[in-house]
Amino acid sequence: MSFCNQKGGGFGVLTMQKGQVGQFLSAVSQKMKVLVPSEENGTVLFLPWNGERKIEWHKKSTLPPKDILFPKVEALYSYQLQGADVKIKRALLDAETTLLFGVRSCDARSFMLMDKVFLGDQFVEAGYAARRDKTLIVALACSEELSPACYCTSMGVDPQGGQGADLILHQLGPAEGGEKDILGVESLTPGGNNFLNEYRDEFFDVYPDEGVPKRDVCKFVFETQGVAGKLRQIFEHPLWEELSRRCLGCGICTYLCPTCHCFDIPEGKTYGKGESFRCWDSCMFPDFTLMAGGYNPRPTRTERFRNR
């Protein structure tokens, strides 16, 4: 199954009873892998739907879903020496048809930025492209402020827009009589249309109103105009050293960032055979900018913190 993430919806707003979501996901999971945001040991992750898992509706995932399309570690090829010859075997692409359910709009937007890196005009990364093509993204609109630190609107992200997703869910609140919570569902792409077509009669109804009400859920707003110029002016400011003292240099900030995409390609080898694989890297690591001649343009944590 292929999902085309292009502009264009066509159903308007449909509705689903929130209590039916589990049944709906179980039906979908018969045909594809389903991942949902769920809290486990105090951490909200995207985990496989098992028919009973509790969906987290009111917290953003602790880890972004970027590893669904851009795995932390991915085998590229293996090789084996055979006398004077080398036998090279390319790793099989891991691209399972997947429904990624409950992604917040900021994370959905991040996929569009990742696309610019891995689906460029001159180079297309085959593994990312295959997974992107087989992943249907269902965004979950923010109906409340998830954190005082959320600043999506300042970066041009609509917390109820779902840009970068195929479908978006809106938590509309109780139905008439207050007995059941209702979800509004909007299709954003042709792939979303095709998906809704398959399940519309069984799980969805037509939304009686003209549109979904907008909510002011992002209170933290700042001005971004001129930031680049201001950063250049304070490039040598002692503030960077002061801030970097609290940094451990562990790189977890880049792993938690939904758009950080740097990677390394190390190689493991032993007794005439080996494997090449790609793994996440971080600009916070000391050897990230270390050159072959030994020079490092970011020799201390201060420079690395400032760059990040």
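Select first the lining of the largest pocket in this predicted model: by class, this lining has 25 nonpolar, eight polar and seven charged residues. In total, 40 residues line the largest pocket, whose volume is about 1,400 Å³. To find its centre, display Y151, M155, C257, P258 and T259, the lining residues that lie nearest to that point.

Next, colour the helices that take part in this lining. At least two residues each come from α2, α5 (227-233), α7 (252-256) and α8 (301-307). Which helix gives the most to the lining of the largest pocket? The answer is α2, with six residues.

Select helix α2 itself, residues 105-118. Its end C-alpha atoms are 20 Å apart, which agrees with the span of 20 Å expected for 14 residues at 1.5 Å a residue. Now show the side chains of S105, D107, A108, S110, F111, M114, D115 and F118; these residues of α2 are buried. While viewing the helix, it is useful to recall that an α-helix has 3.6 residues a turn, so residues three or four places apart point the same way.

Move then to strand β6, residues 98-103. Is this strand mostly covered or mostly open? Strand β6 is mostly covered, as six of its six residues are buried.

Add the partners of β6 to the selection. Strand β2 (residues 33-40) runs parallel to β6 and is joined to it by three bridges; at this pairing, L35 stands opposite L100 in β6. Strand β7 (residues 135-140) also runs parallel to β6, with five bridges between the two. Here L99 stands opposite L136 in β7. For the view of these strands, note that in a regular strand the side chains alternate between the two faces of the sheet.

Keep L35 displayed and turn to the second largest pocket, since L35 is among the residues nearest its centre, together with K33, D67, I68 and T98. This pocket has a volume of about 360 Å³ and is lined by 18 residues. Ten of the lining residues are nonpolar, two are polar and six are charged.

As a last step, select β2 and β3 (43-48), each of which supplies at least two residues of the lining of the second largest pocket. Which strand provides the largest share of this lining? That share, four residues, comes from β3.

Terms used:
Residues are numbered from 1 along each chain as its sequence is written. This is a predicted model: local features need pLDDT of at least 70, side-chain atom pairs count only at pLDDT 80 or more; totals for chains, interfaces and linings use all residues. Side-chain values use heavy atoms; hydrogens and water are left out. The expected span of a helix is 1.5 Å times one less than its number of residues. Buried means under 20% relative accessible area, exposed over 50%, partly exposed in between (1.4 Å probe, protein chains only). Two strands pair if DSSP finds at least two bridges between them. On a 1 Å grid over the protein atoms alone, a cavity is a set of points where a 1.4 Å probe fits but cannot get out, and a pocket is an open set with protein on both sides within 12 Å along at least five of seven lines; lining residues have an atom within 4 Å of a point. Grid points are joined across faces, edges and corners, and a volume is the space filled by probe spheres set on the points. Ala, Val, Leu, Ile, Met, Phe, Trp, Tyr, Cys and Pro count as nonpolar, Asp, Glu, Lys and Arg as charged, and the others, Gly among them, as polar.
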